[in-house]
Each structure stands twice: as C-alpha cells, then as structure tokens.
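Here is a friendly walk through one protein model, taken a piece at a time. Keep the 3D view open as you read.

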Amino acid sequence: MRRSVAGKFLPLWPLMLAGCNRHQSALAPFGLEARSTLSLTVVLAAGGLVIALGVAVIYAIAARAPEGRLTHERGMRLVLWLGAVFPTVVLTALLIWSLPAMRPLPATGQDLHIRVEGEQFWWRVAYREAGRDPVLSANEIRLPVGRTVVFELTATDVVHSFWIPGLAGKMDMIPGRTNRLVVKAEKPGRYRGVCAEFCGLSHALMAFDVIAMEPAAFDEWLAVARIPPRPTDSAIYHRGEMLFAREGCGSCHAARGTPSGEIGPDLTRYGERLTLGAGILAPTPGNTAAFIRDPHRFKPGARMPAYRHLRQDEALALAVWLKQSGAQEAKR
Ligand SMILES: [Cu+2]
C-alpha cells in the first residue's frame, strides 16, 4: 500500500504542532512591529494564492478552448493587461501600503533605552534612563506594555542577531557598532527571544526570556532593582558568600553586592530570573548547582570554568545563596 509523504509522517504531526509555541512565534505577535509584519505576510500569502488559482483557471480555460479562438491580437492584449498593467498596479499598491510599516517607530531620549550586548553565549542587559545610573541584568528582558522602548544592540565578541519573534524583526548585533531597534509591546506576558545568527558552539543554546509587564508594575520593579543589595547575615548566606569569594566567582560575576567581575552574567538578581544559562534550564537550586559544577555539560563552549572539585552540598549552598537574591529580597 502506498502512503503519501504527509501520511507517512502522520504519527509525528502532534509533535510538529507542539513545536508551535505561542511564546516564541511571529504568528502570535505581542508587539506593534511584529503585528504589521504578520498582516503583510498574510496579505502576500493570500494574494499569491489568489493569483496562482487565477492562473490555473485561465490555463484550464485556454487548454479546453477550440483551436483558433485565441487570435494574435487577443493574446497580445492578455499579455498587456495581465503581464504589465496588473503587476504594476498590484506592486505599487503593496509598496504604498507597506511603506509605513518600514518606517521605524519614533523615539526620544526620554524613552527607556535597553542596551543588550550579545556574548558567547548569553546576553548582557542594561536598563538606561536619562540622567540615572543603569540597572544591570542578564539573560532576561522586562518591558513596560504600551511604552516605546529603544533597544541599543551590540556585541563583544562575534556577530549575533537579536530576535524576539513576537515583538519585532531581527536586528544584527555587531562588535564596535550600535544598532537601534524601537519597539512597543502591546500585551503583557512571558515570551522568548533567541540569537538568530550562528555565533559558535552553543549558538542554539542562546535564548532569553522577555517579560512584558503593566507599566506600573514595571516601574516598581525597576525602582526596587535600583536599591543596592544589602550585605547578608544568616548562616546559609554566609556559607554561599564565603564559597563565592573562596572560589573566585567574583572575578567574573557581580552578585549581591560582592566585588564585581564583569566577564560573566550579572547575578545580583539571579533569584528572580525565570531561566538558567540563557533560556535553557529551569533555574532550580539543583540545576544551578549542576551548572556550576559542569557548565559545559549543558553548554559546550561556555566561557565559565567547571567547578567539579566542589562537593554537591557546596554547589547547592552557592545555588541557594544565588537563588534567594532578587527584587523581592531587596524590598524587605
Ligand atoms: Cu549568538
């Protein structure tokens, strides 16, 4: 029995559909730019389909027509109308309709600027408001819904590409250059962005969370994030803090007010992040401890040394100490 190609893969369909994830989809936009790109796509696809069907109908009629019915003159007229006039009108109309979608959104110096730097294989994030110190973070981006936000995009090592499919188109991150991408989120929720330019061994493991928040909640979050972390005082904290210092983690990471390295992601509010390792793992203490002991098991080529000599309870103490840091804690 012969089965069509589609039929052969029938058992796999649910799996393929499961790949259609609303958190990371240009077909489920939550921002202005992605929405206009989607309507353009729908119009182009539907228009293309209509034209293809029209051509098929004309072909069927022509193939059945008695010989001699299509005179030279009628043929030339057909070519003129369908081959020259029709495409000119359609393409001009499409151009006029799509021009506004190509114009970047207007932005001013007063709008929130978020600087994002691509690193192998993670994201360095800084929230910048006019006349204030930046708020540093990594691997997660929070956005106020309904406000214009300017992304300043660059890279430190190789070319990456910044892509939040539900929000806007891709933008290259190029070392030594800053590209701007102006966006406006329209719906609160948790979404996902990825690196869309091959950048090395763990390119496919370089993603991030995007959290679009109501403006008031965002303002509060940013205000709390500005409060410098206080020194810690409970016993478990001391153990984590002691291990962090003993192992030299601070030469690469800033965490909870420790002397701060800048080579790795800022861990000051690691506890409130929704993923570990740039969008690849749930940030549970267990996963965090496993990542600390052997980052390359999860991320080949990651620029963090393995700490296999740490005992499991030591790695866990570090993980718990990091996990309990965040805006909520700063507020207390
Ligand atoms: Cu990348």
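## A pair of helices

In this predicted model, helix 7 (residues 285–293) packs against helix 9 (residues 312–323) at an angle of about 120 degrees, and their axes are 8 Å apart. That angle makes helix 7 oblique to helix 9, because the roughly perpendicular range ends at 115 degrees and the roughly antiparallel one begins over 145. The crossing of the two helices is right-handed.

Which residues of helix 7 meet helix 9? They are Pro285, Thr288, Ala289, Ile292 and Arg293. On the side of helix 9, the partners are Gln312, Ala315, Leu316, Leu318, Ala319, Val320, Leu322 and Lys323.

## The chain as a whole

Stepping back, the protein chain has ten helices and ten strands. It holds 332 residues, of which 29% count as buried. If you take the contacts with a separation of 6 or more, 65% of them are between residues 24 or more positions apart.

## A five-stranded sheet

Now for the strands. Five of them form an open sheet with mixed pairing, in the order 4-10-9-6-7. Strand 4 (140–144) and strand 7 (171–173) are at the edges; each has a single partner strand, so one side of each lacks a neighbour in the sheet. From one strand to the next, the twist averages 30 degrees.

At one of these edges, strand 7 pairs with strand 6 (residues 160–163) in the antiparallel sense, over three bridges. Look there for Ser161, which stands opposite Asp172 in strand 7. Elsewhere, helix 5 (residues 215–225) lies across strand 4 and strand 10 (207–213), and runs at about 130 degrees to strand 4.

## Two nonpolar cores

In soluble globular proteins, nonpolar side chains tend to be buried together. Here, the largest nonpolar core has 39 residues, and those touching the most other members are Phe151, Leu167, Met206, Val210 and Ala278. Which strand gives the most to this core? It is strand 5 (residues 148–155), with five residues.

Val210 is worth a closer look. Beyond its neighbours within four places in sequence, Val210 is in contact with Ile141, Leu143, Ile164, Leu167, Tyr191, Arg192 and Gly193. Apart from this core lies another, of 17 residues, including Phe244, Leu267, Ala319 and Leu322. Two of those names bring us back to the start: Ala319 and Leu322 are among the residues of helix 9 that meet helix 7.

Note on methods
Residues numbered from 1 in each chain as written. Predicted model: local features only at pLDDT ≥ 70, side-chain atom pairs only at ≥ 80, totals over all residues. Core = buried A, V, L, I, M, F, W, Y, C linked by C-beta atoms within 7 Å. Buried ≥ 20, exposed ≤ 12 C-beta atoms within 10 Å, placed from the backbone. Helix = DSSP H or I, 4+ residues; strand = E, 2+ residues; numbered from the N terminus. Contact = placed C-beta atoms within 7 Å. Pairing = 2+ DSSP bridges. Axes fitted to C-alpha atoms, helices over the stretch in contact; angles between N-to-C directions. Parallel < 35°, antiparallel > 145°, perpendicular 65-115°, else oblique. Left-handed = near helix turned anticlockwise from the far one by under 90°.
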